[in-house]
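The following exercises ask the reader to work through a protein model step by step. Each task is followed by a worked solution.

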Amino acid sequence: MAKTYTFEALGLLHGRMDEDLLNIITLATRMFRVPISFVSVLESQEKRQHISASVGPFFDNPDVGDMPIEGSICQYVQASQKTVAIPDLLKDARTFDNEFVVQNGLRSYLGSPIHTTAGKVIGALCCMSASPREWTQDEISILEDLARCVDGIVKARTLALEERKARVDLQDIMANRSGYIAHVSHEIRTPLTGIIGSIKMLGEVKSEDQSKRLMTILNRSAEKLLGFVNDVLDLAKLDAGHFEIIEEEADIGKLSSDVLDEFMGLADAKSIRMSVKDQLAGTTYLADKLAFQTILQNLIGNAVKFTDTGSVTVNISEDSYGQVAIDVADTGIGIAPEYHKKIFNEFEQADAVNPRIYGGTGLGMPIVKRMVDRMEGTITVKKPAGPRLNVLDLGSTTKSFPSRSCGPN
């Protein structure tokens, strides 16, 4: 299933009328013989309704094309997640005093929900008339069919964005191939050199202290090599599509707190404050707990590693699509904007100095990115809050959810 993109990326918010949507609402206007039809999208975080396309004289007023959600009739479509038919707006408790209705002399309304590819209701395809009207079941069915055409446009544009992104990613992979091979060689050679050298010297040791030092080098080198091999195997498994999502009920806030506890010792040693701010407390979701823990371990571990003083905070909320958004924000060294996309590529780190100071194979963030992709989510880095796990499409036991972010700020 394709990911959810912003309204802007899908062409649902811009200065000019969307021609594809205009064709659909023009057809609706003619079929139902109504003076006004439109497609609305609801930006829940900003609490605004935007009009993507419209037919009718009322939308010449810019205030109508961008109004507060509380003044919108389409909010009832989103709330019910199904078609709403109101025969007489002036006799309905929800709309009898609606300013837009009263000022424009409107009396009836029919609206069907439009969706993201994840099935979230983001707005409505609507028709309105200047006189009371009993909407028939046939008319309701026809409008729902037209709304599915709008869904088809959203899906096609989403898939096109995915295809374009895949082509760009492939070009980047091909361009970085030589550097990738060189880094692999280095990551294998360095611990192997330590292992071979220590083994040779073990036969010549003259004291127990020297033997212990060599054993420490052997253990450290072997663990580094094993960690690298495991990361490569995990990445190959994800790239081959062998990563299976196993959904079960999960409390995202508790999962985040449990992972945070794993790093409490290291955080305390650096006097770093750690906390979870959960706006979704009490809500459970259908998610792959193991994958989620792996993602959070990498993100929180990275945040703690690159923070010497201050705090690491996990913020859990919902975005405008009703999807879960998780921000891992820290007060660490930060990532320069030119490296925001590169950190999700194999062996890419913020600069040449970081691997020497902080260590690491450069595979943690690519593994996170692959897992997020498999969970139908997106992940980005932003300033000043830090990396953000943007859209994780986890079905909720009470509602749906897809979003999150992470990383050093």
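## Exercise 1: Assembling a sheet

Strands β1 and β2 (residues 48-55) pair in the antiparallel sense over seven bridges. The model in which this is examined is a predicted one.

**Task.** Determine in which order the six strands of the open sheet stand.

**Solution.**

Step 1. Begin with the pair β1 and β2. Within this pairing, Ile51 of β2 is the bridge partner of Ser40.

Step 2. Look for a further partner of β1. Strand β1 (residues 36-43) is joined to β6 by six bridges, and these two strands run antiparallel. Here Phe38 is found opposite Cys126 of β6.

Step 3. Continue from β6. Strand β5 (residues 108-115) pairs with β6 over eight bridges, again in the antiparallel sense. Gly111 stands opposite Cys126 in β6. Cys126 thus has Phe38 across from it as well as Gly111.

Step 4. Write down the complete order. The open sheet reads β3-β2-β1-β6-β5-β4, with antiparallel pairing. Strands β3 (66-68) and β4 (84-86) stand at the edges and have a single partner strand each, so one side of each lacks a neighbour in the sheet. From one strand to the next, the twist averages 25°.

Step 5. Recall the general principle. The strands of a sheet pair through backbone hydrogen bonds, in either a parallel or an antiparallel manner.

## Exercise 2: The surroundings of β6

**Task.** Establish how many residues of strand β6 are buried, and identify which helix lies across β1, β2 and β6.

**Solution.**

Step 1. Apply the cut-off for burial, which is a relative accessible area under 20%. In strand β6 (residues 121-129), nine of the nine residues are buried, and the strand is mostly covered.

Step 2. Find the helix. Helix α1 (residues 19-32) lies across β1, β2 and β6, and runs at about 70° to β2.

Step 3. Inspect the connection that leads into β6. The hairpin of β5 and β6 has five residues between the strands, and Gly119 in this hairpin takes a positive phi near 90°.

## Exercise 3: An aromatic pair

**Task.** Find how many aromatic pairs the whole structure holds, and explain which parts of the chain are tied together.

**Solution.**

Step 1. Count the pairs. A search of the whole structure gives one aromatic pair.

Step 2. Describe its geometry. A pair of aromatic rings is described by the distance of the centres and the angle of the planes. Phe32 and Trp135 form an edge-to-face pair, with 6.2 Å from centre to centre and 90° between the planes.

Step 3. Locate the two residues. Phe32 belongs to helix α1, and Trp135 to the loop between β6 and α5 (137-175), so the pair ties together parts 103 residues apart in sequence.

Step 4. Assess the exposure of each. Phe32 has a relative accessibility of 3% and therefore counts as buried. Trp135 is likewise buried, because its relative accessible area is 9%.

Step 5. Consider another contact with a ring. Arg94 lies over the face of Tyr76, at 5.4 Å from the ring centre.

## Exercise 4: Enclosed elements

**Task.** Decide whether strand β11 is largely enclosed or left open, and state which residues of helix α12 are buried.

**Solution.**

Step 1. Consider the strand. Seven of the seven residues of β11 (residues 324-330) are buried, so the rest of the structure largely encloses this strand.

Step 2. Separate its two sides. Val324, Ile326, Val328 and Asp330 point one way, whereas Ala325, Asp327 and Ala329 point the other way, and all are buried.

Step 3. Identify a partner. Strand β10 (residues 310-318) pairs with β11 in the antiparallel sense over seven bridges. In this pairing, Thr313 has Ala329 of β11 as its bridge partner.

Step 4. Turn to the helix. In α12 (residues 364-374), eight of the 11 residues are buried, so this helix is also largely enclosed by the rest of the structure. The buried residues are Met365, Pro366, Ile367, Val368, Lys369, Arg370, Met371 and Val372. Just after α12, Glu376 takes a positive phi of about 60°.

Step 5. Place these elements within the whole. The protein comprises 12 helices and 14 strands, and 46% of its 409 residues count as buried.

Methods:
Residues numbered from 1 in each chain as written. Predicted model: local features only at pLDDT ≥ 70, side-chain atom pairs only at ≥ 80, totals over all residues. Heavy atoms only, no water. Buried < 20%, exposed > 50% of the residue type's maximum accessible area, 1.4 Å probe, protein only. Helix = DSSP H or I, 4+ residues; strand = E, 2+ residues; numbered from the N terminus. Pairing = 2+ DSSP bridges. Axes fitted to C-alpha atoms, helices over the stretch in contact; angles between N-to-C directions. Contact = heavy atoms within 4.5 Å. Phe/Tyr/Trp six-rings, centres within 6.5 Å; stacked < 30°, edge-to-face > 60°. Lys NZ or Arg CZ within 6 Å of the ring centre and 35° of its normal.
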